[in-house]
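Student: I have not worked with this structure before. Could we go through the terms used for it and see what makes each one apply?

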Amino acid sequence: MRTLTSNSNIRKATLADLDAVMAIETESFGMDAFGERQMRYLMKSATSLFYIAETKNLLAGYVILLIRKNSHQMRIYSIAVSSLLRGKGVGQYLIDFALKTAENRLKSSLKLEVRTTNSGAIQLYERNKFTSVKIIPDYYHDGCDALVMKRKP
Ligand SMILES: CC(C)(COP(=O)(O)OP(=O)(O)OC[C@H]1O[C@@H](n2cnc3c(N)ncnc32)[C@H](O)[C@@H]1OP(=O)(O)O)[C@@H](O)C(=O)NCCC(=O)NCCS
């Protein structure tokens, strides 16, 4: 596992990040990508935590966590890293942030959906102790199934 340099940090997303976020979202998720309006909403909503990973002052990736009042469960709604910066530890950095946030917030569990064909992401989650819960058939735009994964606090 390659580790990030000290030139990396995580901060809250702002509307000024929208264009860079949309570029990563679109290249990462194609037909399933969130639209600009939805991203704008997620950046402002009180029920989401939208965080940016920067490395050497570049927007390297982001994670969106959904929260519910008094709930002990959070959802990783989206996580993506720029295709130019993958394989350098940014995804792990974002997962570390999500795990720490869940721990600090009512010791919550984390839940997510991932394409059953997305072996890279599944490997990232498994190495972070996420386990498979169930399959949701025909979940994505192209008919691909989703694997639901969960990580206990
Ligand atoms: C999945 C994603 C976020 C991983 O980000 P990343 O910065 O490339 O991941 P990291 O460099 O932090 O990798 C950490 C570990 O995850 C696993 N991993 C990540 N990408 C992998 C790949 N393509 N193949 C196999 N394992 C992979 C490995 O175990 C890796 O550790 P290693 O480098 O010691 O082998 C990134 O590939 C991405 O944005 N993909 C497109 C969007 C997406 O699929 N998001 C998930 C939706 S559920």
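Student: What makes β2 and β3 a pair, and in which sense do they pair?

Tutor: β2 and β3 are joined by 8 bridges in the antiparallel sense. Two strands pair if DSSP finds at least two bridges between them, so β2 and β3 qualify. Strands here are DSSP runs of E with at least two residues, helices are runs of H or I with at least four, and both are numbered from the N terminus. One facing position is A53, which stands opposite G61 in β3. The two strands form a hairpin with 2 residues between them, and K56 in the turn has a positive phi of about 50°.

Student: What kind of model is this, and which residues count?

Tutor: The model is predicted: local features need pLDDT of at least 70, side-chain atom pairs count only at pLDDT 80 or more, and totals for chains, interfaces and linings use all residues. Residues are numbered from 1 along each chain as its sequence is written.

Student: How many strands form the sheet, and why is the pairing called mixed?

Tutor: The open sheet has 7 strands, in the order β1-β2-β3-β4-β5-β7-β6, and its pairing is mixed. Both senses occur: β3 and β4 run antiparallel over 6 bridges, whereas β4 and β5 run parallel, joined by 3 bridges. In general, strands of a sheet pair through backbone hydrogen bonds, either parallel or antiparallel. Residue partners include G61 with V81 in β4 and R75 with K111 in β5. The hairpin of β3 and β4 has 6 residues between the strands, and N70 in that hairpin takes a positive phi near 60°.

Student: What makes β1 an edge strand?

Tutor: β1 (8-12) and β6 (131-136) are the edge strands, since each pairs on one side only. The neighbour of β1 is β2 (residues 48-55), to which 5 bridges join it in an antiparallel run. Among the partners in β2 are Y51 for K12, I52 for R11 and T55 for S8.

Student: How do you know that β1 lies largely in the open?

Tutor: A residue is buried if 20 or more other C-beta atoms, placed from the backbone, lie within 10 Å of its own, exposed if 12 or fewer, and partly exposed in between. Of the 5 residues of β1, the number buried is 0, so β1 lies largely in the open.

Student: Why is V148 called partly exposed?

Tutor: V148 has 15 other C-beta atoms within 10 Å, which falls between the two limits, so V148 is partly exposed. V148 lies in strand β7 (residues 146-151). Leaving out residues up to four places away in sequence, V148 touches K111, E113, V133, K134 and I136; contact means C-beta atoms within 7 Å.

Student: Why are α1 and α2 called oblique?

Tutor: Helix α1 (residues 18-29) and helix α2 (residues 36-44) pack at an angle of about 120°, with axes 11 Å apart. Axes are lines fitted to C-alpha atoms, for helices over the stretch in contact, and angles run from 0 to 180 degrees between N-to-C directions. Under 35 degrees counts as roughly parallel, over 145 as roughly antiparallel, 65 to 115 as roughly perpendicular and the rest as oblique. The angle of about 120° belongs to the rest, and α1 and α2 are therefore oblique to each other. Their contact is made by L18, V21, M22 and E25 of α1 and E36, M39 and R40 of α2.

Notes. Contact = placed C-beta atoms within 7 Å.
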